Amino acid sequence: MLVVRGSTRAPRRFLIGVDGSAPTRGLRWRSSPGLAVPRGGQARLLSVVEPVRPPSTGLLPGRIRALVAREATSLERERTAVARRQLEAARERLARAGGA
């Protein structure tokens, strides 16, 4: 999606969402006149990792609550690591294509 505010001059800043889906895994930056990052322009990659929030555990024994909390933290760290790897791969593809 292309969103332009103000004048209709060529965009200089781009925000590219990366979510690990097939279209972003194969991210290709095409140097078409309307979408090329111009000299001095910026391309930023963005990925969002939602926090893992376990359901209410108030009635569970303390050991179980602690276990659930540790697993939630572990899952969140794993998702964050995956997102970072995806962003790095997208950054490399963008750089090879001349978009950054």
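Trainee: Leucine 15 lies in strand S1, so to speak our starting point. Is leucine 15 buried or exposed?

Mentor: Keep in mind that this is a predicted model. Exposed means over 50% relative accessible area. Leucine 15 has 61% relative accessibility, so the call is exposed.

Trainee: Which residues of strand S1 form the uncovered face?

Mentor: In a regular strand the side chains alternate between the two faces of the sheet. In S1, residues 13–17, Phe14 and Ile16 make the covered face. That leaves the uncovered one to Arg13, Leu15 and Gly17.

Trainee: In which sense do S1 and S2 pair?

Mentor: The elements of the protein run β-α-β-α from the N terminus on. Glycine 17 stands opposite leucine 46 in S2. S1 and S2 are joined over five bridges, and the sense is parallel.

Trainee: What is the area of the nonpolar surface patch with Leu15 in it?

Mentor: Leu15 is exposed, and Leu46 belongs to the patch too. Val48 is also part of it. Together, Leu15, Leu46 and Val48 make a patch of about 310 Å².

Trainee: Now for threonine 57. Is threonine 57 buried or exposed?

Mentor: Threonine 57 is found in the loop between strand S2 (42–46) and helix H2 (62–96). Buried means under 20% relative accessible area. Threonine 57 comes in at 18%, so the answer is buried.

Trainee: And which residues does threonine 57 touch, not counting residues up to four places away in sequence?

Mentor: Threonine 57 sits in a loop that leads to helix H2, residues 62–96. With residues up to four places away in sequence left out, threonine 57 touches Arg65 and Val68.

Terms used:
Residues are numbered from 1 along each chain as its sequence is written. This is a predicted model: local features need pLDDT of at least 70, side-chain atom pairs count only at pLDDT 80 or more; totals for chains, interfaces and linings use all residues. Side-chain values use heavy atoms; hydrogens and water are left out. Helices (H or I, at least four residues) and strands (E, at least two) are DSSP runs, numbered from the N terminus. Buried means under 20% relative accessible area, exposed over 50%, partly exposed in between (1.4 Å probe, protein chains only). Contact means heavy atoms within 4.5 Å. Two strands pair if DSSP finds at least two bridges between them. Patches are made of residues with over 30% relative accessible area and no salt bridge: like charges are joined within 9 Å, nonpolar side chains (Val, Leu, Ile, Met, Phe, Trp, Tyr) within 5 Å. Accessible areas come from the Shrake-Rupley method with a 1.4 Å probe; for residues, only the protein chains shown count as cover. A salt bridge is a side-chain nitrogen of Lys or Arg within 4 Å of a carboxyl oxygen of Asp or Glu.
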